[in-house]
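Biologist: Could you walk me through the model and show how each label is earned?

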Amino acid sequence: MQRIVWGRASSSNVMKVLWTLDELGLPFERRDVGGSFGKTDTPEYRAMNPTGLVPTLQEDGFTLWESNAICRYLCQAHAPDSKLWPQEARARANVDRWMDAQQTVLGAPMTAVFWGLVRTPPEKRDMAAIAQGIQGAARAYGLIAAQLQRSPYIAAETFTLADVPWGVHAHRWFNIDFDRPEIPGLRAWYDRLCERPAYRTHIAEHPVV
Ligand SMILES: N[C@@H](CCC(=O)N[C@@H](CS)C(=O)NCC(=O)O)C(=O)O
């Protein structure tokens with residue numbers, strides 16, 4: 001089977017997919033598109049992914065976009081017995097809920113922090129928006145900190161897909177230079193993720209750019 005991930009390796013949403021692929025031991029090719037690579041505006045790319053965003057997954061004749069949907073598809077299609085995305089309905093819904101919450105609860109404030117402090121030159125930064133982003137992100141991480149008091153990973157005793165979206169952003173949280181509010185348990189969980197080779201390869205060993 002030919003499996004291609006379209007998307008630059010510096011994208012948080014691409015990282016989720018690369019990390020999941022490696023956790024599942026699935027081989028793939030990655031093609032640089034998006035950001036400074038461009039090429040997401042072409043009719044060919046839009047035919048695969050009408051949003052013009054990254055990532056997009058192609059497997060033989062099948063195409064899928066939306067990072068969380070791709071991660072779930074990979075588990076269901078290629079590793080249905082994996083603990084990453086449990087089969088049991090309630091356990092699965094719990095994982096799904098935390099994956100979605102990264103996008104709906106953490107997404108906006110973390111974007112304000114990352115874009116404000118990493119992708120905007122100092123003289124153009126909106127420090128009030130960044131401070132608000134830090135507060136919002138800290139509140140969101142507080143939700144998973146409460147989970148992490150009960151179990152070593154967000155949704156279970158073991159690592160699951162719930163850890164993937166949050167884990168990608170935790171690397172940014174701990175590696176952008178700012179005055180970080182202390183969130184109990186978060187650092188220990190991030191350190192546990194750093195023990196995973198796939199996390200190191202696709203996330204932890206990448207400079208935050
Ligand atoms: N909800 C989408 C969001 C995708 C998204 O916003 N991707 C960003 C990168 S993280 C993007 O394509 N930005 C434009 C670009 O890189 O050209 C997903 O989870 O896949």
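Modeller: Gladly! Residue classes come first: Ala, Val, Leu, Ile, Met, Phe, Trp, Tyr, Cys and Pro count as nonpolar, Asp, Glu, Lys and Arg as charged, and the others, Gly among them, as polar. By these classes, the lining of the largest cavity has six nonpolar, three polar and one charged residues. This is a predicted model, where local features need pLDDT of at least 70, side-chain atom pairs count only at pLDDT 80 or more, and totals for chains, interfaces and linings use all residues. Residues are numbered from 1 along each chain as its sequence is written, and side-chain values use heavy atoms, with hydrogens and water left out.

Biologist: What makes Ser10 and Met15 lining residues of the largest cavity?

Modeller: Lining residues have an atom within 4 Å of a cavity point, a point on a 1 Å grid over the protein atoms alone where a 1.4 Å probe fits but cannot get out. Ser10 and Met15 are therefore on the list, which also includes His171 and Arg172. Helix H6 (residues 163-175) gives the largest share, three residues.

Biologist: Why is the approach of arginine 8 to the ligand called a polar contact?

Modeller: A polar contact is a pair of N or O atoms within 3.5 Å. A polar side-chain atom of arginine 8 lies 2.9 Å from an oxygen atom of the ligand, so the pair qualifies. Glutamate 66 qualifies too, because its polar side-chain atom lies 2.8 Å from a nitrogen atom of the ligand.

Technical notes
On a 1 Å grid over the protein atoms alone, a cavity is a set of points where a 1.4 Å probe fits but cannot get out, and a pocket is an open set with protein on both sides within 12 Å along at least five of seven lines; lining residues have an atom within 4 Å of a point. Helices (H or I, at least four residues) and strands (E, at least two) are DSSP runs, numbered from the N terminus. A polar contact is a pair of N or O atoms within 3.5 Å; within protein, one must be able to donate a hydrogen and the other to accept it, and residues adjacent in sequence count only if both atoms are side-chain atoms.
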